[in-house]
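Student: Please take a close look at one strand and the strands beside it. Give the cut-offs for any term you use.

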Amino acid sequence: MPTPRLNKLIFLVYMLMTAGVFIAALASPAVRAVAYAPLRDLLLPPPRPIVVSVLYSTEKAAWLEEAVARFQATQPQVDGRPIAIQLARSGSREIYLAVLDGSAKPDIISPASTLQIHILQDLSAGQFGTPVVNAADRQTCRQVLRSPLVLVAWEERAQVLWGDQRAGDLWLQLQTALTDPGGWQKYGRPEWGYIKFGHTNPLKSNSGFQTILLMTYSYFGKTSGLTSADILGDEDYQAWFTAFEGAISRFGESTGTYMQEIVAYGPSMYDMVAVYEATAIEYMDRAVGRYGALRVYYPPATSMSDHPFCILQADWVTPEKARAAQMFLDYLTTPELQQLALLEHGFRPVEPGVPLEQPGSPFNRYAANGLRVDLPPEVETPPGDVLNTLLDFWARNIQR
Amino acid sequence: MLSRISRLLIVVLLLISALPACGYWPGTSKTVTITVVYGSEKKEWLEPLVAAYNAARRKTPDGAVIEVVATPMGSIEAAEAIVAGTLQPTVWSPASSLYIPVANAAWRSQHADDLVVGDPPKLVLSPVVIAIWKPMAEVLGWPDKPLGWADIAALATSPEGWGAYGYPEWGTFKLGHTHPDYSNSGLIAVIAEAYAGAGKQRGLTLQDLQSPEVRSFMLDVESSIIHYGISTGFFAERMFELGPSYLSAAVLYENLVVAQESKRLAGQSAQLPVVAIYPKEGTFWSDHPYAILNAPWVTAEQRAAAEDLLGYLLDRPQQLRALELGFRPADTDIPLGAPLDAQHGVDPTQPQTVLEIPPATVIAGVQALWREVKKPVDVIALLDVSGSMSGERIAAARTSLLEFINLLDDRDGLEIILFSDDLVTLTPLSPLGEKRQEVLRKVSGVVEGGNTRLYDAVYTAYQDMRERGNPAHIRAMIVLSDGEDTASEVQLPELLRTISNLSEGGTAPKIFTIAFGEDADREVLRKIAEATGGKQYDSDPKNLRQIYAEIATFF
């Protein structure tokens, strides 16, 4: 065979193979990677990404956005198709309500607390026959960050109210101070007006919900075994609770934006508020630039936000979406991301290999502002019907 | 052959790939326009930013180029127009969140949902303060002694005025705030008065408003008001332009004090220094919420464009610019520093406390009470009925005057003078309540003809006001003229000498002049208005109603 003809043949076979690869790549993204890159990008439509939508609660926004950017930078793929994470924010309660009424179809949900996962699990089982989440499945439903509820106050004012050594039950003391008509006058500071405390709307935001739960536990002097009869059958409690909540001028919509406003307006608007520890840490330095130092107080018993990330078991979560979602979940609990959550955003890691006390940790930096590593005991999460009783009581008697 | 095809192919491919880079791709030329109605006191910040934003031709996620049309407007005036549907903006950014619940309540009477849903983000912040000339503040004990609404009220109602403090040459204490039915700071001022009258800092109720103490307290404070006004920004301008004899103090926003002091320190204003008093009982924040309206006229595309504009306004460079102009940035990453300092008359560690925002029903109750206790007005309307007013002009003048009369209370005094060859007093200065129908009927029958005796008319009206006007009332004259003076006996210099009363301060009679149409003698009308601390307006038959309505906000 003369050489030119052989060349032509080789060229032809090569061209056919190339074309074959390109055609195959149209059908299967996995083959795409084999195709000649400059031509591939020019000729073939880019492979459709696998979009994983995440509906999450606002207060972890800064960490999660950074996490997504880092995850995308690793160019993650499933079957040759890139993974695209799409974030949407919402209040913790709105997250499960949106899933229930069908107005949102996310692949992953992440409310502030497993509390909401339990509620969704129960309600969806009733509504659809099978639950859309399974809180017990550690593979698809995972706690990723932790942060307890704290009271954060402008230091100058907390000093006047409580001095250096505050002792006794925080909520009981606060209720007494708030409901005293004399306000700050009683403490020799009439120019500070009435004492102003706030928390978010418990119907919309998890931290508000935790706050009224902790107040209620404190009133009854216990940390477990709260019943609906406690809430509905005790008039003294109801009067105490209604007076406490009646002293609050405005309930915030979400913890993050509420804290932002507190630091933006300063002590004229709020003397103290109940928020997550991580949220308080996030604003420590900013507060100094605006109106002065903040101080953190821990209630006698706390409630933890554990930020579960759960892959939904729903028909819109296709097998490849589920695989992509699982990769993202695994990435969030890597030491790198856990370290980032602690150092930059003040969350307590779930990864035991990442210690709270280490160079650069906010738990060292803000120890003088009342931040501490050891936590008071956690209260028991009451069953769903008791939680609903408390929310209903709030909605009927307090909401305005 | 093959090579020619492949060459062609390469060229075609290159061309196609180059198209998107050049921006020639179908769909990119689409434009989405959004309208923003905002409180006038952030105009200096917002207007240049909107121009820069438009120049940048930013796009929505769907690729439409965003165009923003932003208009300043009194916060409460805007709320009412939006609820009525006569104003249909994409975004409403009033001076404060105070009035949002009231607007929502009104909106809900015709719609299933709120007009403003949830808690809108805030653009910039500024506390409501009492702006006062520094020497006067010092006499009151500033900065060591905390001062409040009650101190201002006591001073305002003292017959000796500044004399009680050893400064009789400063005359009476003259207070100013804007009209609470149009402007946010005016509404805040009267709510603060109600709180001070009730001796409360929170929990103001409708019952409180019925108590004699609250009523008489508000009545007393309002008696020291020189006049009201349509917008806070405009009010600040007058105070800083006309000085301490015109106005001792006014309810303004902190940023307006900073802006004036920056001007003064830069040598652009020769006034005395001015300082901010943060009332010790508490105050309110002007927080400039950015509300994308939940209204049927706002499309999903406009919503996306409005979100993009919001992001731009909250970006660090724009927030830093706000600080330069004297606002407290909403972005908490930006520390409070210069010009928020003593050198600029303000104290960033203040205010120490706020008054609680009352519910919508109580806010409406305060507005109603204010209408009962507000200072009455004595007004003389002068109407040019010379021959040149024929046709559309005289018709517009009649209708506008009729509408203006309807804005006045029964307690207000009204006189109307028609001038052409003769001066005709259509009705003499007396309370409107007893003659309203008669006056309306007479105005409807006004016709034109003859010369223009402008100077004589103003001269006569001024004499009438001096003789028959009540000095405890707001006294004003409104002159509408469409031509030059052609037949007066009084000459201009003599007239100006007679009406010049700026030395008497803000309580002297004011003349507002309307130059109607192209031929009006704008220059003369401006001189007449300015001699009294009034204002001159340019007008035509189309906007005359609006101008009368704006003048009415002074009362």
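Tutor: What follows covers one strand of chain B, its burial and its pairing.

This is a predicted model, in which local features need pLDDT of at least 70, side-chain atom pairs count only at pLDDT 80 or more, and totals for chains, interfaces and linings use all residues. Residues are numbered from 1 along each chain as its sequence is written, chains are lettered from A and ligands numbered from 1 in the order in which they are written, and side-chain values use heavy atoms, with hydrogens and water left out.

The strand is β14 of chain B, residues 474–481; strands (E, at least two residues) and helices (H or I, at least four) are DSSP runs numbered from the N terminus. Eight of its eight residues are buried, where buried means under 20% relative accessible area, exposed over 50% and partly exposed in between, with a 1.4 Å probe and protein chains only. Cover extends to both faces of β14(B). One side carries I474(B), A476(B), I478(B) and L480(B), and the other R475(B), M477(B), V479(B) and S481(B).

β14(B) pairs with two strands, described in turn; pairing requires that DSSP finds at least two bridges between the strands. With β11 of chain B (residues 377–384), β14(B) runs parallel, joined by seven bridges. Within this pairing, I478(B) is the bridge partner of A381(B). β15 of chain B, residues 510–516, also pairs with β14(B) in the parallel sense, over six bridges. Here L480(B) has I514(B) as its bridge partner. I478(B) and L480(B) are both on one side of β14(B), and both are buried.
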